[in-house]
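Subject: Structure handover

Hello,

Here is the structure I said I would pass on. Please open it alongside this message.

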Amino acid sequence: MAKINYKKLQGSQNLRLRLLLSTLSSTPILIVDIRSNETIPGLLPHEISLLRLIEKVCDDCHVEINETGTKLKYKPGIVMGGKYLVHDCGLSRSIGYFLEPLVVLGLFGKKPLSIRLKGITNDSKDPSIDTFRSTTLNILKRFGVPSEGLELKIENRGVPPLGGGEVVLSVPIVHTSLTAVNWIDEGMVKRIRGVSFSTRVSAQFENAIIHAARGIFNRLLPDVHIFTDHKAGAQAGNSPGFGISLVAETTSGCYISVDTTISYPRKEETAEIEDDERADLKPPADVGVEIASALLGEIEQGGVVDSTHQGLLYLLCALCPQDVSKIRVGKLSPYGIEALRLIKEFLSVTFAIKPDPSTGTVILKCVGCGLKNLSRKLS
């Protein structure tokens with residue numbers, strides 16, 4: 001056995017991205033001091049669930065965690081993909097947290113991936129599955145991912161604290177590599193689409209949100225359609241809640257999205273709140289106004305994607321063949337900056353960052369690392 005050289009990292013931040021980059025670049029990693037000074041030390045349930053998920057779609061990957069969970073050794077294997085996989089994402093983070101790394105891994109698999117994920121479909125922390133469907137999948141198509149076989153089916157919805165949602169994700173494989181993009185034209189917003197949903201509450205909640213959101217958009221453009229998705233019975237999961245996901249589509253084919261979910265908080269989060277305050281949720285009309293304003297804020301920032309998708313955009317650019325990709329974003333988000341650092345560390349791809357003062361946006365250029373889908377060739 002040759003001695004394995006582990007890349008040493010510290011701390012709990014960006015575990016998702018580190019594991020993803022480690023797997024794509026086949027770099028074994030050793031992470032120490034994971035929340036070693038906190039009251040609950042070590043890896044959290046959703047991080048362990050993510051490791052289990054990666055083990056499901058890969059072959060021969062090796063995970064070692066010490067007793068307290070503050071140290072993690074991870075040796076990546078070969079991404080296999082496969083059909084009829086099932087994974088329970090748990091209740092501490094929503095399915096959106098798992099989708100982003102999973103969809104990128106799936107592209108570089110040996111076989112196309114089809115997996116059923118169970119857990120929370122919509123919460124206020126992670127991007128909801130509606131946003132994933134309307135925006136993330138469209139961003140992937142820009143990079144030459146085939147649109148046949150790329151889909152996310154929502155079977156049941158589930159909101160915190162009890163979840164109960166189910167989705168089926170299918171990801172095709174890229175046959176050789178992604179294609180580099182030159183994507184700096186944002187275009188003008190031509191239409192706004194959205195989906196509102198409610199589970200185990202009256203359908204009136206959705207109408208109130210939509211009415212409030214449209215009140216803001218209709219002054220700006222005529223083409224606004226927000227669909228309703230009222231679930232009842234088993235399809236509604238186990239907790240009451242409602243929410244909305246909005247996406248603005250521009251003339252040059254960019255998708256800018258925001259979403260929100262209103263539900264009762266999880267057990268860990270209720271500890272700080274007194275009992276009498278806990279019972280009332282935010283009224284839907286306020287939610288509608290807030291989310292519409294949030295979308296307008298994202299559009300105002302400029303850029304070809306919204307701030308939540310920056311990390312994914314940089315990663316896709318870095319994985320392109322050795323060709324120049326050029327993209328425009330609004331403000332660099334903190335997650336985006338961390339993503340750039342990790343990409344430099346694992347893939348040694350450096351982005352040239354140039355602010356464009358006339359529009360207040362930033363233009364990034366990079367030469368991809370030329371990652372090819374090697375798993376497919378080994379067979």
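Below are notes on one sheet with its helices, and then on the cysteines.

The model is a predicted one.

Sheet and helices

Four strands form an open sheet in the order β13-β12-β14-β15, and the pairing is mixed. At the edges are β13 (224-231) and β15 (255-263), each of which pairs on one side only. From one strand to the next, the twist averages 10°.

Strands β12 (residues 189-199) and β14 (residues 241-250) are antiparallel to each other and pair over 10 bridges. To find the register, start from G194: its bridge partner in β14 is L246.

Two helices pack on this sheet. Helix α4 (residues 129-142) touches β12, β14 and β15, and its direction makes about 165° with that of β15. Helix α5 (residues 204-217) touches β12, β13 and β14, and the direction of α5 makes about 170° with that of β13.

Cysteines

How many disulfides does the structure hold? The count is 0. C317 is in no disulfide, and the nearest cysteine sulfur to it belongs to C366, 5.1 Å away. Why is there no bond from C366 to C317? The two sulfurs are 5.1 Å apart, which is too far for a bond; the cut-off applied for a disulfide is within 2.5 Å. As for solvent exposure, C317 is buried, with a relative accessible area of 0%. C366 is also buried, at a relative accessible area of 3%.

Regards

Technical notes. Residues numbered from 1 in each chain as written. Predicted model: local features only at pLDDT ≥ 70, side-chain atom pairs only at ≥ 80, totals over all residues. Heavy atoms only, no water. Pairing = 2+ DSSP bridges. Axes fitted to C-alpha atoms, helices over the stretch in contact; angles between N-to-C directions. Contact = heavy atoms within 4.5 Å. Buried < 20%, exposed > 50% of the residue type's maximum accessible area, 1.4 Å probe, protein only.
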